[in-house]
Amino acid sequence: MVDVQLRVNGTIETLDLRPRVSLLDALREHLGLTGTKKGCDQGACGACTVLVDGERINSCLTLAVQYTGRSITTIEGVAGGGEPHPLQTAFIRNDGFQCGYCTSGQICSAIGMLAEHAAGAPSAVTEHLASRAELTDVEIRERMSGNLCRCGAYNGIADAIGEVAAAAAVQEVTETGAVRRGSAAGAARQATTAEAAR
Ligand code: FES
Ligand code: FES
């Protein structure tokens, strides 16, 4: 057994785990955070997606011991200030789910994806690498292709993410460079910002 200390949704958690326990099982079975789902348990579906220091990962493919001292955000931690995350609201508004089993992973993945996009990361369908790609429907679907939905709610999922991304197109950056509330980049950072404020 090994001691593992994780910062999960702003709370330091110390666990006594077998070294081979996955991060997914540590979250679900040891911390009771069952919002993160186990679909395939082999990295194929994205249902287990969480954020580590703001980057999306498949928690079923990693060991909890790898993340000692790291900051983990699950679906339980994405809301902030008593308000749902803008993506959570957008998923509801756009019918971005049916059974909901994939939804936690979809939303965590979308938060990470928007942060990647805001940082200028291209995707496999980005045509011009010299500038940041517009988040078209094709771009969103490619960037979210690691998250499967067996209910086939892809249209609503893409629309929800597109709605939040569209806010970025009209966002104004202040003279100090701060991103205004409501922008996609701001939405993407909200989870980690809210966590850091705890
Ligand atoms: S449960 Fe992790 S990718 Fe499917
Ligand atoms: S809403 Fe059912 S698997 Fe996606």
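Helix 3 (residues 103–118) lies across strand 3 (49–52) and strand 4, and its direction makes an angle of about 35 degrees with that of strand 3. This arrangement belongs to a predicted model, in which the protein has 6 helices and 5 strands. Along the sequence these elements follow the pattern β-β-α-β-β-β-α-α-α-α-α.

**Overall make-up**

- Of the 198 residues of the protein, 41% count as buried.
- Among contacts in the protein with a separation of 6 or more, 59% are between residues that stand 24 or more positions apart.

**The sheet**

- The sheet is open and holds 5 strands, which are arranged in the order 2-1-5-3-4 with mixed pairing.
- Strand 2 (11–17) and strand 4 (55–58) occupy the edges and have a single partner strand each, so one side of each is left without a neighbour in the sheet.
- From one strand to the next, the twist of the sheet averages 40 degrees.
- Strand 1 (residues 2–8) and strand 5 (residues 71–73) run parallel and are joined by 2 bridges, and V8 has I72 in strand 5 as its bridge partner.
- In general, the strands of a sheet pair through backbone hydrogen bonds, in either a parallel or an antiparallel manner.

**Helix 2 and its buried face**

- The buried residues of helix 2 (residues 86–93) are P86, L87, A90 and F91.
- When helix 2 is viewed down its axis, these buried residues fall within an arc of 135 degrees, so they line one face of the helix.
- Just after helix 2 comes D95, a residue that takes a positive phi of about 50 degrees.

**Packing of helix 2 against helix 3**

- Two packed helices are described by the angle between their axes together with the distance between those axes.
- For helix 2 and helix 3, the packing angle is about 130 degrees and the axes are 10 Å apart.
- That angle makes helix 2 oblique to helix 3, and the crossing of helix 2 and helix 3 is right-handed.
- From helix 2, the residues L87, Q88 and F91 meet T103, I107, A110 and I111 of helix 3.
- Both L87 and F91 are among the buried residues of helix 2, and they also take part in the meeting with helix 3, while helix 3 itself lies across strand 3 and strand 4.

Methods:
Residues numbered from 1 in each chain as written. Chains lettered and ligands numbered in written order. Predicted model: local features only at pLDDT ≥ 70, side-chain atom pairs only at ≥ 80, totals over all residues. Pairing = 2+ DSSP bridges. Helix = DSSP H or I, 4+ residues; strand = E, 2+ residues; numbered from the N terminus. Axes fitted to C-alpha atoms, helices over the stretch in contact; angles between N-to-C directions. Contact = placed C-beta atoms within 7 Å. Buried ≥ 20, exposed ≤ 12 C-beta atoms within 10 Å, placed from the backbone. Arc of directions from axis to C-beta. Parallel < 35°, antiparallel > 145°, perpendicular 65-115°, else oblique. Left-handed = near helix turned anticlockwise from the far one by under 90°.
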